[in-house]
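Good morning, colleagues. Please take a moment with the sequence and the model before I begin.

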Amino acid sequence: MQIKRKKNALFPAFILFFTVFALPLHHYFIYKVRMTILEHLQTRAFARIDGAYLGILWTISFACYIMGLSQPVIGMIGTATALATPFFAARRLGKFRDEVLDGSITTHRCIIHTLYMFFYASILFAVAQYAYFEFIDDGFIVRQYTGMMSSPEAQELLKAYGLTVKQAMESIEQLADTTPIAIAVNIMGMNLVLGLLLTIPVNVMTRKNKK
């Protein structure tokens with residue numbers, strides 16, 4: 001399949017995310033909760049480091065997914081790595097709590113740290129994905145997906161979900177027409193929303209209030 005990418009990128013989902021969620025949350029925790037500037041800068045600095053680690057974890061998971069298209073065992077490793085995200089985030093937050101805050105952290109700092117951690121991880125992962133689709137992929141994923149559609153297993157799976165091969169091929173063609181920056185930006189938006197959703201469970205796993 002010859003890939004002709006459209007010049008127009010998809011709507012940048014992260015802009016919508018920041019307009020609707022991130023900016024109001026940032027305003028609330030800075031001006032309503034009244035964290036000091038030093039506390040905010042400290043939390044953001046450590047979240048930046050933890051976000052880098054999380055971004056590397058996602059990049060490894062994505063690399064395993066790509067290799068898993070031809071080596072299913074490696075793909076399973078990638079899936080397990082991705083599913084470890086909330087536990088990894090909780091572990092990094094717990095490390096910040098124990099080593100920097102003497103074992104005690106408030107709900108507000110938990111939330112801010114988690115949001116910033118996913119923000120920085122999403123940026124790093126978006127850069128990695130853009131680099132892959134722009135310079136490395138060269139249509140590999142599209143060719144793999146196209147080849148899968150000819151297998152009886154894939155056709156049975158599509159049938160079970162009420163889809164046809166034609167519909168699946170149309171989706172693959174849309175992917176082929178999508179620019180690398182559009183793919184990276186939209187997945188970045190999804191990761192930011194994921195961070196928002198995981199804030200509460202990560203907070204529950206790691207929060208300790210001062211007595």
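Let me start with a question: is Cys 64 buried or exposed? This is a predicted model, and in it Cys 64 has a relative accessibility of 10%. Cys 64 therefore counts as buried, since the cut-off for that class is under 20%. Cys 110 also counts as buried, because its relative accessibility is 0%. As for disulfides, a search of the whole structure returns zero.

Let me now turn to the overall fold. The chain contains nine helices and zero strands, so the pattern read along the sequence is α-α-α-α-α-α-α-α-α. Of its 211 residues, 38% are buried. Among contacts in the chain with a separation of 6 or more, 81% are between residues 24 or more positions apart.

I will close with one helix pair, which brings us back to Cys 110. Helix H4 spans residues 85-100 and helix H5 spans residues 107-136. Their axes come within 11 Å and cross at roughly 125°. Because of that angle, H4 is classed as oblique to H5. The crossing of H4 past H5 is right-handed.

Which residues make the contact? On the H4 side they are Thr 85, Ala 89, Arg 92, Leu 93 and Phe 96. H5 contributes Arg 109, Cys 110, His 113, Thr 114, Met 117 and Phe 118. By class, the residues of this contact comprise six nonpolar, three polar and two charged. Cys 110, then, is a buried residue that takes part in the contact of H4 with H5.

Conventions
Residues numbered from 1 in each chain as written. Predicted model: local features only at pLDDT ≥ 70, side-chain atom pairs only at ≥ 80, totals over all residues. Heavy atoms only, no water. Disulfide = S-S within 2.5 Å. Buried < 20%, exposed > 50% of the residue type's maximum accessible area, 1.4 Å probe, protein only. Axes fitted to C-alpha atoms, helices over the stretch in contact; angles between N-to-C directions. Helix = DSSP H or I, 4+ residues; strand = E, 2+ residues; numbered from the N terminus. Parallel < 35°, antiparallel > 145°, perpendicular 65-115°, else oblique. Left-handed = near helix turned anticlockwise from the far one by under 90°. Contact = heavy atoms within 4.5 Å. Nonpolar A, V, L, I, M, F, W, Y, C, P; charged D, E, K, R; others polar.
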